[in-house]
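Reader: I've got this one open on my screen and I'd like to zoom in on a single helix. Could you walk me through how it sits among its neighbours?

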Amino acid sequence: MEAIKSILSRSGRLAPSRNTRRAELRAARNRDSEQYLAICSSYLDLVSTYYGCSYSETGEARRKRVTELFIRIWQQLKYTERLSDFEYLLTKLLTEDATPQEPTSSSDPIKELLRKLPPHARFALIAYEMEHWPVRWLALALRKNSKRIHTLLSEARCKLCRINWESLNGEARQCLLAISRMFDHQPNIRRSKAISKQSHSCPEVTQIKAEWLELRAKIVEIHLRYRISEKEREYILRSLLESVPEAFMQKPGMVDRLINSVHFIKHKSIQAS
């Protein structure tokens, strides 16, 4: 229980560095369940928000779904070699959830539009806008290059603003992709002026950019709604501490380990319940 107290005490601070998470993953692969709890804690808000934006269910059902996901990842943990492999497994489970989803309705139009996004687009938008993942992390987790990630994000933002991406001409799309890339970097006056000059020939781009910025405020509200509270975090971590040591951990063969050391593609079939 001391491990849970230690994890909870740091939950309000800055997120652990990538190097810290890598160290936790190395220990967890050797069946250190306490270090596994530590690395899971870093992703609880992301997973809870994704499920909250995907399903209409009670908080209890969502906590159970979150717990089960991390148990499945534990079972496959020895197949991972890098932190990006862990994030790939997490992303794969979230975006390939096999549970049938009945049509839902929500009084919040943004939340309803989020549910209608394709799984990869929904994950990318949540991870980028709500959890502040840089594009390079998303590129590794989704196995897509940075150009495709920015296209995915731009299309998703337009859908949430009820704008048909396909109806925009090529020049307008290129301007919006440039704006998306600008969001991923520190403010740059020269880059901003270049994009502003480029958008003069596409007046709709200025309006769409303004709607994108307004959308960010609405997304923050949704994130606050589904972030894990300290009480929920403790509940999930305790459930994992009880379940993980008893869960069977798959052991990859030598060939699978060699392949995964170069490019993570080998793992057992992972299905959500």
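Author: Sure, with one thing up front: this is a predicted model. Let's start with the wide view. The protein exposes about 14,200 Å², and carbon and sulfur atoms supply 50% of that. Of its 273 residues, 50% are buried. On the secondary structure side, you'll find 15 helices and zero strands. Looking at contacts between residues at least 6 apart in sequence, 75% join residues at least 24 apart.

Now for the close-up, helix α9. This one covers residues 135–142, and six of those eight residues are buried, so the helix is largely enclosed by the rest of the structure. If you want to click through them, the buried ones are Val-135, Trp-137, Leu-138, Ala-139, Ala-141 and Leu-142.

So what do the buried residues of α9 pack against? There are four helices to pick out: α2 (18–29), α6 (83–95), α8 (119–130) and α10 (146–160). Try colouring those four and α9 on your screen, and the packing partners should be easy to follow.

Have a look at what comes right after the helix, too. α9 is followed by Arg-143, and the phi of Arg-143 is positive, near 55 degrees.

While you're in there, here's a single residue from another helix to set beside α9. Thr-67 lies in helix α5, which runs over residues 59–75. Thr-67 is buried as well, since its relative accessible area is 8% and the cut-off for buried is under 20%. Leaving aside residues up to four places away in sequence, Thr-67 touches Ile-236, Ser-239 and Leu-240.

Terms used: Residues numbered from 1 in each chain as written. Predicted model: local features only at pLDDT ≥ 70, side-chain atom pairs only at ≥ 80, totals over all residues. Heavy atoms only, no water. Helix = DSSP H or I, 4+ residues; strand = E, 2+ residues; numbered from the N terminus. Buried < 20%, exposed > 50% of the residue type's maximum accessible area, 1.4 Å probe, protein only. Contact = heavy atoms within 4.5 Å. Areas by Shrake-Rupley, 256 points an atom, 1.4 Å probe, with all protein chains shown as cover.
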